[in-house]
Amino acid sequence: MNIAKIEAIPFAIPYRKPLKFASGEVHTAEHVLVRVHTDDGLTGMAEAPPRPYTYGETQESIVAVIDKIFAPQILGLSPLEREVVHARLDRTVGNPTAKAALDMALWDILGQAAGVPVSGLLGGYTDRMRVSHMVGFAPAGQMVAEAERIRDVHGISTFKVKVGRRPYTNDVDACRALREALGPQVELYIDGNRGWTASESARALREMADLGLTFAEELCPADDVLGRRWLVRQSPVPFIADESATQAAEVTRELLGGSATAISIKTARTGFTASQRVLHQCEGLGVEMVMGNQIDGQIGTLCAVAFGGAHRSTARRAGELSNFLDMTDDLLTEPLSIEDGTLRIREGAGLGIDIDPDKLARYRQDA
Ligand code: MUC
Ligand code: MG
């Protein structure tokens, strides 16, 4: 069983409404479907989401790095030689979502070859996760209406609120309106995507002290090194590193440097192999984790829930698994659905990704 062919297929599916946050906004899912074929007829799949404001990757760069650099380096290897695969991919710096998609597609092949779900190979802890929904920038009334709709339709009771606007009081007011409308039972946490300074963040946290927030994420840049440490020391809740800790070494640096006290794991950027390293590192250090969302489509979401549900420490709390709800369509033959606030892992061998050929033909951009 050797890798015989790799495809990187760009596709574009519009959002019903854009998702806006402090570091950017998304109007169309311009992702890359990665398909790895073996010489004995198996095909592993995953998707890479370009996020130039977070990783510097674009749809074109992902296709190019896979076609021109990664595919030639790993063709002919066995999917069982993942350490060799990663040693070769890591000769190129950066390009995290391209590497992650290849990694997850290889795990998909391993699951199919063994006839077992990837989630079982990874850890098999549970078959579902509670879902946390991300509420993007909008006037406070619209943010409340969206959260109420998502709660009523999908039973979701955990919300991550995007903050980081100026003046910071806009976001404080929006969070207060959400807490008042949703009540004390709902879990709320905030993500600033580096939009505020350390002092704005500190003032905002103080003014929201009565809102019962669970976490604060990337409120100010980790590159403001001393300001960020000063902020994290006084944060009343665990402070999550997301885009400042995109690989194991950065996780170590942020945690030991006092710039974070919790970690967001995103399979879109660390795949399964490196996500497990980060997870074990956090478990060893006694640090909480959240399964994050790279504004994934349904394929990426299937990957995230397969990983999150596979491990006790990531299944414990709600994972960010609902961004796909805002897309007008997707590529899966059988769409995902969130019911009673939970998303189930797909049964069957591998990751359970089955692509609708008509949809792929409609949305692919290279045909
Ligand atoms: C998140 O958690 O920050 C927005 C930017 C990004 O890199 O990921 C998303 C969600
Ligand atoms: Mg984040």
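Okay, let's go straight to Ile-295. It's buried, with 24 other C-beta atoms within 10 Å. One thing to keep in mind from the start: this is a predicted model. So where does Ile-295 sit? You'll find it in the loop between strand 10, residues 288–291, and helix 13, residues 298–310. The backbone there deserves a look, since Ile-295 has a positive phi of about 60 degrees although it isn't a glycine.

There's another residue with that kind of backbone, Glu-218. Its phi is near 40 degrees, again a positive value in a residue other than glycine. Glu-218 is in a loop too, the one between strand 7, at 216–217, and helix 9, at 225–234. Is Glu-218 buried or exposed? Glu-218 counts as buried, because there are 28 C-beta neighbours inside 10 Å and the cut-off for buried is 20 or more.

While we're on backbone oddities, scroll to Arg-166 and Pro-167. A cis peptide bond joins those two, with omega at about -5 degrees. Pro-167 lies in the loop between strand 5, residues 158–162, and helix 7.

That brings us to helix 7 itself, residues 169–182, and its partner helix 6, residues 140–154. Their axes come within 9 Å and cross at roughly 35 degrees. Helix 6 passes helix 7 in a right-handed crossing. Who makes the contact? On the helix 6 side we have Ala-140, Met-143, Val-144, Ala-147, Glu-148 and Arg-151. On the helix 7 side they are Asp-173, Ala-174, Ala-177, Leu-178, Ala-181 and Leu-182. If you sort the residues of that contact by type, you get nine nonpolar, three charged and no polar.

A quick word on annotation here. UniProt, in an unreviewed entry, places a feature called "domain: Mandelate racemase/muconate lactonizing enzyme C-terminal" at residues 140–238. In our model that span is 49% helix and 12% strand, and its end C-alpha atoms lie 25 Å apart.

Now please rotate round to the N-terminal part. There's an open sheet of three strands, in the order 1-2-3, with antiparallel pairing. As a reminder, strands of a sheet pair through backbone hydrogen bonds, either parallel or antiparallel. The edges here are strand 1 and strand 3, the latter at 43–48, and each of them pairs on one side only. On average, neighbouring strands in this sheet are turned by 20 degrees against each other, ignoring direction.

Let's zoom in on strand 1, residues 3–21, and strand 2, residues 24–38. How many bridges do they pair over? It's 14, in the antiparallel sense. Together they form a hairpin, with two residues between the strands. If you want to check the register on screen, Ile-6 stands opposite Val-36 in strand 2, and Pro-10 stands opposite Val-32.

Two helices go over these strands. Helix 2, residues 59–74, lies across strand 1, strand 2 and strand 3, running at about 160 degrees to strand 1. Helix 4, residues 96–114, lies across strand 2 and strand 3, and runs at about 155 degrees to strand 3.

Let me stay with Val-32 for a moment, in strand 2. Why do we call it buried? Because Val-32 has 27 other C-beta atoms within 10 Å, and 20 or more is what it takes. Leaving aside neighbours within four places in sequence, Val-32 is in contact with Ala-8, Ile-9, Pro-10, Glu-47, Ala-48, Gln-59, Ile-62 and Val-63. For a sense of scale, Val-32 and Tyr-189 are 157 residues apart in sequence and 30 Å apart in space, C-alpha to C-alpha.

Last stop, His-311. This one is in the loop between helix 13 and helix 14, the latter at 312–315. With 23 C-beta neighbours inside 10 Å, His-311 counts as buried. Which residues does His-311 contact, apart from its neighbours within four places in sequence? They are Gly-123, Tyr-125 and Leu-279. And between His-311 and Gly-183 there are 30 Å in space, C-alpha to C-alpha, with the two sitting 128 residues apart in sequence.

That's my tour, so over to you.

Note on methods: Residues are numbered from 1 along each chain as its sequence is written. Chains are lettered from A and ligands numbered from 1 in the order in which they are written. This is a predicted model: local features need pLDDT of at least 70, side-chain atom pairs count only at pLDDT 80 or more; totals for chains, interfaces and linings use all residues. Axes are lines fitted to C-alpha atoms, for helices over the stretch in contact, and angles run from 0 to 180 degrees between N-to-C directions. Helices (H or I, at least four residues) and strands (E, at least two) are DSSP runs, numbered from the N terminus. A crossing is left-handed if the near helix is turned anticlockwise from the far one by less than a right angle, and right-handed if clockwise. Two residues are in contact if their C-beta atoms, placed from the backbone, lie within 7 Å. Ala, Val, Leu, Ile, Met, Phe, Trp, Tyr, Cys and Pro count as nonpolar, Asp, Glu, Lys and Arg as charged, and the others, Gly among them, as polar. Two strands pair if DSSP finds at least two bridges between them. UniProt positions are given in the numbering used here, feature names are shortened, and annotations may be inferred rather than shown by experiment. A residue is buried if 20 or more other C-beta atoms lie within 10 Å of its own, exposed if 12 or fewer, and partly exposed in between; C-beta atoms are placed from the backbone.
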